[in-house]
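Here is a short note to help you find your way around this model. Open the structure alongside and take the points in turn.

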Amino acid sequence: MKINENYSNLEQSYLFSTIAKKVKEFSENNPDKKIIRLGIGDVTLPLCKSVIDAMHKAVDEMGVQETFRGYGPEQGYKFVSSAVQGYYAKRGVSLELDEIFISDGAKSDLGNILDLFSKDNTVLVPDPVYPVYVDTNIMAGRKVVFADANGENEFLPMPDNNVKADLIYICSPNNPTGAVYNKEQLKKWVDYALSNNAVILFDAAYESFISDENLPRSIYEIEGAKNCAIEFCSLSKTAGFTGTRCGYTIVPAALGALNKYWLRRQTTKFNGVPYIIQRGAEAVFTEQGQKEIKENIAYYKENAKVISETLTRLGIWHVGGKHSPYIWLKCPNNMSSWDFFDYLLENAQVVGTPGAGFGKNGEGYFRLTSFGSKENTIEAMERFEKLFK
Ligand code: MLT
């Protein structure tokens with residue numbers, strides 16, 4: 001046998017696993033210290049009532065002969081795809097049901113979609129960005145080129161016609177910087193993709209955090225996008241499904257074989273999201289569900305405000321938080337990202353995510369999440385005030 005040697009080209013461990021390991025070690029050596037975790041973007045508020053009620057009902061159905069369900073459609077039950085279809089329609093995007101694929105989340109689909117593309121494709125990835133895009137392509141041995149995101153372009157790199165790419169990743173609102181493309185900017189990416197016969201892999205996982213109605217939440221709000229873009233979204237951050245697992249991927253029929261191949265791939269390698277979870281997901285899209293999740297998002301946004309105001313008071317440069325759950329800051333005293341991570345853990349027991357973990361342009365930066373509890377966020381910021389005043 002021959003092993004997939006591409007794995008040896010990866011960092012030793014996944015960014016968030018490395019962080020978890022470091023924090024575990026610190027906590028074992030300092031059992032009396034209270035650690036505040038603002039690292040991985042994991043939600044803390046419980047699932048909303050509509051979701052819980054729907055899942056309870058579904059549990060009961062599973063215990064009754066007449067309503068019990070076994071294998072479901074791999075691409076998801078129609079009741080969820082219809083709910084997603086209705087959600088898009090509200091923003092003027094019309095989708096066919098067979099363009100919507102329900103899955104266990106954006107991370108898996110972002111990795112799995114690569115089954116559909118030749119190894120010979122060149123991949124364009126913004127830097128910094130969610131590390132899964134790069135890692136999954138390294139695993140497959142694909143060539144990755146980077147689009148630099150930095151202070152000069154407000155962390156929103158634009159297409160460069162001298163760079164030829166076949167697959168383009170866009171994450172807007174961006175993880176980790178929180179930067180959001182406007183419609184004109186996204187149109188430039190769509191035009192670039194169309195003229196290069198490229199496919200955009202658009203990660204919309206943070207769309208529900210966009211506060212400005214004029215900013216696009218879906219790439220399909222841009223003319224021509226259905227001919228060149230696949231969109232990934234998840235209920236993880238939108239509705240607190242990080243542990244519950246449900247998301248959706250849109251593969252437009254206009255992409256021809258890609259739509260058919262994705263169905264083929266999913267039916268072969270995936271058995272669908274559990275019925276109970278899909279009933280919970282359906283509830284997210286009801287009027288009441290939307291009202292409830294918006295309250296949770298507002299709670300996290302309030303945390304982002306607390307973080308941002310504290311950093312402003314301390315004169316620490318930062319962006320984000322307005323249209324995303326992440327605050328992206330410059331490490332004080334020109335510290336490197338990982339030095340700052342260690343410093344903060346040692347001296348304030350606050351965990352964040354080193355910017356360098358998102359790419360070379362993230363070096364010297366640091367990410368804090370607003371997904372903590374209000375109390376912990378306030379306490380973390382009090383510790384910042386003490387440390388950096
Ligand atoms: C993050 O912290 O960047 C995310 O939680 C990771 C993820 O969504 O997988």
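**Notes on the predicted model**

1. **A buried ring to begin with.** Phe 358 is a good place to start: this residue is buried, with a relative accessible area of 4%. Please keep in mind throughout that you are looking at a predicted model.

2. **Its aromatic partner.** How many aromatic pairs are there? The count comes to 28 aromatic pairs. One of them joins Phe 16 and Phe 358, whose ring centres are 6.4 Å apart and whose planes make an angle of 65°, an edge-to-face arrangement. This pair links distant parts of the chain, with the two positions 342 residues apart. Phe 16 sits in helix 1 (residues 15–29), while Phe 358 sits in the loop between strand 12 (353–354) and strand 13 (365–369). Phe 16 has 12% relative accessibility, and because buried means under 20%, Phe 16 counts as buried too.

3. **The cluster around that pair.** Which residues form one aromatic cluster with Phe 16 and Phe 358? They are Tyr 14, Phe 155, Trp 317, Trp 328 and Tyr 365. Tyr 365 also has a charged companion: Lys 330 lies over the face of its ring, at 4.8 Å from the ring centre.

4. **Another charge over a ring.** Please look at Tyr 77 as well. Arg 69 lies over the face of Tyr 77, and the distance to the ring centre is 5.1 Å.

5. **A pair of tyrosines.** Tyr 87 and Tyr 88 also form an aromatic pair, with ring centres 6.4 Å apart. Their planes stand at 85°, so this pair is edge-to-face. Are these tyrosines buried or exposed? Tyr 87 counts as buried at 16% relative accessibility, and Tyr 88 is buried with a relative accessible area of 5%.

6. **Helix 3 beside helix 9.** Helix 3 (residues 78–89) packs against helix 9 (residues 275–284) at an angle of about 25°, and the two axes are 9 Å apart. Angles under 35 degrees count as roughly parallel, so helix 3 is roughly parallel to helix 9. The crossing of these two helices is left-handed. On the helix 3 side, the contact is made by Phe 79, Val 80 and Ala 83. Helix 9 contributes Tyr 275, Gln 278, Arg 279, Ala 281 and Glu 282.

7. **Helix 11 across helix 12.** At what angle do helix 11 (residues 337–348) and helix 12 (residues 374–388) pack? The angle is about 100°, with the axes 11 Å apart. Helix 11 and helix 12 are therefore roughly perpendicular to each other. If you would like to see where they meet, pick out Phe 340, Tyr 343, Leu 344, Asn 347 and Ala 348 in helix 11. Facing them in helix 12 are Arg 383, Phe 384, Leu 387 and Phe 388.

8. **Just after helix 11.** Gln 349 lies in the loop between helix 11 and strand 11 (350–351). Its phi is near 55°, a positive value in a residue other than glycine. Gln 349 counts as buried, at 10% relative accessibility.

9. **A second positive phi.** Glu 154 also has a positive phi near 55°, again in a residue other than glycine. Where does Glu 154 lie? Glu 154 is in the loop between strand 4 (143–148) and strand 5. Here the surroundings are open to the outside: at 62% relative accessibility, Glu 154 counts as exposed.

10. **Two cis peptide bonds.** The bond from Asp 127 to Pro 128 is cis, with omega near 10°. Pro 128 belongs to the loop between strand 3 (122–127) and helix 5. The bond from Asn 175 to Pro 176 is cis as well, with omega near 20°. Pro 176 is found in the loop between strand 5 (167–171) and helix 6 (183–195).

11. **Thr 136 and its contacts.** Thr 136 is in helix 5 (residues 132–140), and this residue is buried, with a relative accessible area of 16%. Which residues does Thr 136 contact, leaving aside its neighbours within four places in sequence? They are Gly 111, Leu 114 and Tyr 169. Leu 110 is 26 residues away from Thr 136 in sequence, and their C-alpha atoms are 8.3 Å apart in space.

Notes
Residues numbered from 1 in each chain as written. Predicted model: local features only at pLDDT ≥ 70, side-chain atom pairs only at ≥ 80, totals over all residues. Heavy atoms only, no water. Phe/Tyr/Trp six-rings, centres within 6.5 Å; stacked < 30°, edge-to-face > 60°. Helix = DSSP H or I, 4+ residues; strand = E, 2+ residues; numbered from the N terminus. Buried < 20%, exposed > 50% of the residue type's maximum accessible area, 1.4 Å probe, protein only. Lys NZ or Arg CZ within 6 Å of the ring centre and 35° of its normal. Axes fitted to C-alpha atoms, helices over the stretch in contact; angles between N-to-C directions. Parallel < 35°, antiparallel > 145°, perpendicular 65-115°, else oblique. Left-handed = near helix turned anticlockwise from the far one by under 90°. Contact = heavy atoms within 4.5 Å.
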